[in-house]
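Open the model in a viewer and keep the selection panel at hand. The stops below follow one another, each with something to select and a note on what is there.

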2 protein chains.
Amino acid sequence: MQPGLPLFESVFTIDCVIFGFQEGELKILLIERNEEPYKDWWALPGLFVEHNEGIDVAAERILYELTGLRDIYMEQLYTFGEVNRHPDGRVITVGYYAMIRLTGHKELKPVTNYAKKAFWHPVSDLPTLAFDHTAIFEKSLQKIRRKISYQPIAFELLPEKFTLTQLQHVYESILNKKLDKRNFRKKMLNYGILKELGEKQRGVSYRAATLYKFDRRKYAKLFQKELSFMKED
Amino acid sequence: MQPGLPLFESVFTIDCVIFGFQEGELKILLIERNEEPYKDWWALPGLFVEHNEGIDVAAERILYELTGLRDIYMEQLYTFGEVNRHPDGRVITVGYYAMIRLTGHKELKPVTNYAKKAFWHPVSDLPTLAFDHTAIFEKSLQKIRRKISYQPIAFELLPEKFTLTQLQHVYESILNKKLDKRNFRKKMLNYGILKELGEKQRGVSYRAATLYKFDRRKYAKLFQKELSFMKED
DNA sequence: GCAAAAGTGTTTCAGCTACACCCATGG
DNA sequence: CCATGGGTGTAGCTGAAACACTTTTGC
């Protein structure tokens with residue numbers, strides 16, 4: 001620590017809610033802790049922030065250590081600094097959330113020492129989590145529910161090529177309600193931010209659907225920054 | 001600091017964007033710094049968080065020290081943790097924003113030692129601020145612009161009794177655009193969350209306007225939590 | 001031929017927008 | 001009597017919601 005600053009120091013961590021979409025369900029990545037406190041509990045992946053490490057960089061570090069992925073969609077969520085949130089003393093944590101593409105064959109990397117293993121858990125059926133991690137998760141879900149109505153985050157969870165039905169399932173699992181198929185398609189195609197690829201699905205035992213990709217260029221052109229997507233209630 | 005935690009400590013502060021509405025304009029409270037670094041610069045009011053002090057409590061402490069007010073509308077904004085944001089080393093800061101009622105006669109309390117004085121500055125014409133405080137301010141403005149469209153935060157800036165025109169001016173100054181008077185009134189009254197008091201304005205040299213108050217009870221009953229207020233663009 | 005999902009239009013309704021004039025009051 | 005802001009209604013448009021049947025494909 002440099003001179004000039006007073007000695008008000010605090011212990012300080014990052015916790016991360018990592019969303020993925022698998023088997024038609026929204027899931028998050030949990031680890032099983034291998035250390036006290038909360039040994040053997042499920043928890044959000046987290047780490048201590050090092051000196052002279054920016055918090056965004058630290059958040060990316062977690063993600064890389066766990067999944068081997070870089071350049072992932074990731075946003076800061078909220079900072080949790082209640083005195084009693086950690087049994088060993090005042091630990092402030094900054095929550096982040098991330099969204100990753102689970103292409104099925106992607107394996108989780110061997111997990112760091114403080115965790116036994118990591119698993120994808122459906123958000124509809126989470127166990128009780130360590131610390132205040134349940135609250136952090138709930139805040140993240142609130143945030144993406146709101147965000148999906150004005151930013152194109154659904155595409156972060158899908159492979160590059162996807163069908164409209166897959167896209168609809170992402171919206172439905174985040175918003176936790178059924179949407180009307182015709183209205184969804186009409187609206188989505190009207191935005192003009194999907195590019196229809198010439199291709200169709202392969203290897204399905206029913207009528208193959210048209211594949212689309214998200215056209216970032218058009219999106220950026222149409223809306224400098226935002227877009228009113230999907231009504232909220 | 002308690003045993004059991006590793007020695008990853010960080011210096012850690014709170015900075016606060018305090019909004020007020022005065023003379024028909026949206027303003028924020030700035031202090032003039034009396035200490036290095038950035039001595040003599042304008043800055044957001046901030047402080048170091050003490051050990052065993054929750055961050056929300058610390059944020060309320062700033063507000064009380066500067067304004068003598070408690071029980072104020074206040075929300076966490078974002079956490080800024082870039083390595084180079086503070087010239088003396090890595091200082092993480094949690095930004096908050098608050099909204100207070102400036103009833104005109106309310107004086108600012110004598111300011112703490114690190115500041116010479118505090119002033120209300122119109123947000124439309126802010127000086128360059130110390131550290132990354134300009135970025136913190138801009139994020140807070142973005143946030144309340146979005147928030148005013150789904151939560152009744154405008155009332156936090158007004159006295160208990162207000163006219164519809166005053167309310168409209170609050171919306172206009174936050175959204176930074178003119179609104180149509182008839183449409184604004186129709187919509188606002190339709191929500192059914194304003195209570196018409198029997199009274200009229202006094203001491204104005206034109207037709208006195210009807211006074212209203214925000215009916216929190218009705219608001220809570222109608223919308224458990226949220227409301228789609230004012231379209232966003 | 002059947003199971004499973006793809007794909008497709010129209011009507012109705014609510015809420016947003018645009019817009020201009022008379023009224024009450026104090027000085 | 002004049003200056004200042006208070007207060008009011010309607011018509012047109014746009015976007016959301018509701019709703020059911022035919023098509024394609026693999027097996």
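Select B:Thr210 first: a polar atom of its side chain is 2.9 Å from a phosphate oxygen of DNA strand D. Such pairs are polar contacts, meaning two N or O atoms within 3.5 Å; inside the protein, one atom must be able to donate a hydrogen and the other to accept it, and residues adjacent in sequence count only if both atoms belong to side chains.

Two notes before going on. This is a predicted model, in which local features need pLDDT of at least 70 and side-chain atom pairs count only at pLDDT 80 or more, while totals for chains, interfaces and linings use all residues. Residues are numbered from 1 along each chain as its sequence is written, chains are lettered from A and ligands numbered from 1 in the order in which they are written, and side-chain values use heavy atoms, with hydrogens and water left out.

**DNA strand D**

Stay with DNA strand D and show the 20 residues around it, where near means a heavy atom within 4 Å. A:Asn183, A:Arg207, B:Lys181, B:Tyr206 and B:Thr210 come nearest of the 20. Of the atoms of DNA strand D within 4 Å of the protein, 37% are sugar and phosphate. Next, pick A:Arg207, where a side-chain N or O atom is 2.8 Å from a base oxygen of DNA strand D. A polar side-chain atom of A:Asp180 is 3.2 Å from a base nitrogen of the strand. By class, this surface has five nonpolar, four polar and eleven charged residues; nonpolar covers Ala, Val, Leu, Ile, Met, Phe, Trp, Tyr, Cys and Pro, charged covers Asp, Glu, Lys and Arg, and polar the others, Gly among them.

**DNA strand C**

Now switch to DNA strand C. Of the 19 residues around it, A:Thr165, A:Lys181, A:Lys186, A:Thr210 and B:Asn183 come nearest. Select A:Lys186, which has a polar side-chain atom 3.0 Å from a base oxygen of DNA strand C. A:Arg207 appears here too, with a side-chain N or O atom 3.2 Å from a base nitrogen of DNA strand C. From chain B, a polar side-chain atom of B:Arg182 is 3.3 Å from a base nitrogen of this strand. Colour α4 (181-191) in chain A and in chain B: each supplies at least two residues of the surface near DNA strand C. Helices here are DSSP runs of H or I with at least four residues, strands are runs of E with at least two, and both are numbered from the N terminus.

**B:Thr79**

Move to strand β5 (residues 73-80) of chain B, which contains B:Thr79. Is B:Thr79 buried or exposed? B:Thr79 is buried, at 2% relative accessible area; buried means under 20%, exposed over 50% and partly exposed in between, with a 1.4 Å probe and protein chains only. Its side chain makes a polar contact of 2.5 Å with that of A:Thr79.

**Helix α1 of chain B**

Finish on α1 (residues 55-67) of chain B, whose end C-alpha atoms are 19 Å apart. Its buried residues include B:Ile55, B:Ala59, B:Ile62 and B:Leu66. Viewed down the axis, the buried residues of α1(B) fall within an arc of 145°, so they line one face of the helix; the arc is taken over the directions from the helix axis to the C-beta atoms. Last, select B:Gly68 just after α1(B), which has a positive phi of about 70°.

Definitions and conventions: Expected span 1.5 Å × (residues − 1).
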